[in-house]
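Thanks for asking me to look this one over. My notes are below as numbered points, so you can follow them with the structure open beside you.

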Amino acid sequence: MSDGYNNYFTTVPEFKRMLEALYERDFILVDLNDVYEEKKVNGKLKLAKKTMMLPPGKKPLVISVDDLNYYEYMIENGNVFKLVLDEDGNVATWSKTPDGEEIVSRDNEIVPILDLFVEEHPDFSFRGAKGVLALTGYEGVLGYRTQSGSPDRESEIAAAKPVIERLKETGWVFGSHSYGHINVPNVSLTRLKQDTAKWKREVGSLVGDTALFIYPYGARVDPGDAKFDFLVASGYKVLSAVGPTSYTKVQGGAYTMDRRHMDGIALIEQQKTLADLFDPDAVLDRDNRPRSYWEKKTPHKRP
Ligand SMILES: [Zn+2]
C-alpha cells in the first residue's frame, strides 16, 4: 500500500503547493465540457475544438481526479472515508481514526482544498469551473456503497445525492472511469459494452449523463478500433488518457487528449515534463514521504 500511495498520490502539502504555483503562473481552471463544440458541416454534426475567450494572459487548465470512490482497501489504509456536507452545506470529508474519533475536514482532500482556494482566489476559475471527478461504480461513488448488491444500497444512494448535487452546484463535473476499472485496450468489445451499460445504470443514474470518458490506467484505444467507435457512439465526446505531455486532438468524432499525472512518480522521475506547471522539486513533500522513497532519486536536494 505504501508504494501505491507514494507512486500514485500527492500529499496535501504537495497539492497546495501545486495550486499556488499554477495560480502564480496565470493558469485558470476551465470546464472540460467547454473545450469542444459540435458544428453543422454540410448538414452533419461535426465535433471541433472550441475557441474559449479567457481573461487576458490566462492559460487554461483542467484538473481531473480519478477513482474518487474511496475504495474499501484505501479506507483501511489512511484515506478519508467519504465526502459529506458539513454544517454549512460545504463539501467536506468524513473519516474515523483508529481510536474511533470522527473527523469532518475541509483540509485533507482535493475537492474541499480546491473549493477553498477558489473562494480565496476567484480569478483562478473561469466561470466557476473546478475539476473533473472520474468515477468507477463497482464499490459505489464518493465513499457511498451505491452499487448493485450493496446491503445498504437505498440509504447510501439517498446519502450520496445531496453531496453530488452540491459538487455540481460548485463547479465540479463528473466523468466515467468505467464501471469496473477495466483496461480498455485489453478487454473485449462485449465486455466494454456491458461495463458501459452498467456504469450508466448505476453511476450515470446518480451523477447524470456525461460526455467525458477518462480511461482507467490512462490506457487508450485509437480511432479505427471498434472499442473507440463504441465509446463515441455511447455519447462520450472527450476521451482522456494519460501521457508524459498533454495534447489535444479531434479525431474519430471525439476530442482526444492525454493528461499528465501529478503523483510521486512524476514529482521524482519526470521533473522535466512538469517544469512548465511548477517546480517539482519545490513541490515534493519530503516531510511526509518516506526518506527512502525520494532520497536516492533526488540526491542533490538531500538536507
Ligand atoms: Zn483509475
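1. A word on burial first, since several points lean on it: a residue is called buried under 20% relative accessible area, exposed over 50%, and partly exposed in between. D225, at 26% relative accessibility, therefore falls in the partly exposed class. Please also keep in mind that this is a predicted model.

2. Staying with D225, you will find this residue in the loop between β11 (212-214) and α7 (226-233). If you look across from there to G252, the two C-alpha atoms are 9.8 Å apart in space, with their positions 27 residues apart in sequence. G252 comes up again below, as one of the residues that line the second largest pocket.

3. Which residues hold the zinc ion? D67 coordinates the zinc ion through OD, while H177 and H181 each do so through NE2, at 1.9 to 2.1 Å. Along the chain these donors follow the spacing D-x109-H-x3-H. Both histidines count as buried: H177 has a relative accessible area of 1%, and H181 has 16%.

4. Two backbone angles deserve a look. S178 has a positive phi of about 70° although it is not a glycine. S178 sits in the loop between β10 and α6 and is buried, at a relative accessible area of 1%. Y70 is the other case, with a positive phi of about 55°, and it is not a glycine either. Y70 belongs to the loop between β5 (63-66) and α3 (72-75), where it is buried with a relative accessible area of 2%.

5. Next, helix α5. This helix runs over residues 153-169, 17 residues in total, and spans 24 Å from first C-alpha to last, close to the 24 Å expected at 1.5 Å a residue. Where does α5 kink? The kink is at A160, is about 25°, and comes shortly before the proline P162. Just after the helix, G171 takes a positive phi of about 95°.

6. Which residues of α5 are buried? They are E156, I157, A160, V163, I164 and L167. As a general reminder, an α-helix has 3.6 residues a turn, so residues three or four places apart point the same way. The cover over the buried residues of α5 includes the strands β6 (82-85), β7 (91-96), β9 (131-135) and β10 (173-176), together with the helices α4 (110-120) and α6 (189-207).

7. I164 is a good residue to click on within α5. Its relative accessibility is 0%, so I164 counts as buried. Leaving aside neighbours within four places in sequence, I164 is in contact with V141, L142, F174, L206 and V207. V35, by contrast, lies 23 Å from I164, C-alpha to C-alpha, and 129 residues away in sequence.

8. Is α4 enclosed or open to the outside? Eight of its 11 residues are buried, so α4 is largely enclosed by the rest of the structure. Those buried residues are I110, V111, P112, I113, L114, D115, F117 and V118. As noted in point 6, α4 is also part of what covers the buried residues of α5.

9. On to empty space, beginning with the second largest pocket, which holds about 190 Å³. Its lining is made by E38, L45, K46, L47, V232, G235, Y236, K237, V250, Q251, G252 and G253. The elements that give two or more residues to this lining are β3 (44-49) and β13 (247-251). β3 gives the most, with three residues.

10. How many cavities of 30 Å³ or more does the structure hold? There are two, and the largest cavity has about 50 Å³ of space. The residues that line the largest cavity are Y215, R220, V221, D222, L239, A241, Y247, Q251, T256, M257 and D258. At least two lining residues come from each of β12 (238-242), β13 and β14 (254-259), and β14 gives the most, with three. You may spot Q251 in both lists: it lines the second largest pocket and also the largest cavity.

Terms used
Residues numbered from 1 in each chain as written. Predicted model: local features only at pLDDT ≥ 70, side-chain atom pairs only at ≥ 80, totals over all residues. Heavy atoms only, no water. Helix = DSSP H or I, 4+ residues; strand = E, 2+ residues; numbered from the N terminus. Expected span 1.5 Å × (residues − 1). Bend = angle between axes of the 7 residues up to and from the residue. Buried < 20%, exposed > 50% of the residue type's maximum accessible area, 1.4 Å probe, protein only. Contact = heavy atoms within 4.5 Å. Donors = N, O, S within 2.8 Å, 3.2 Å for Na, K, Ca; no water. 1 Å grid on protein atoms, 1.4 Å probe; cavity = no way out; pocket = protein on both sides within 12 Å on 5 of 7 lines; lining within 4 Å. Points joined across faces, edges and corners; volume = space filled by probe spheres on them.
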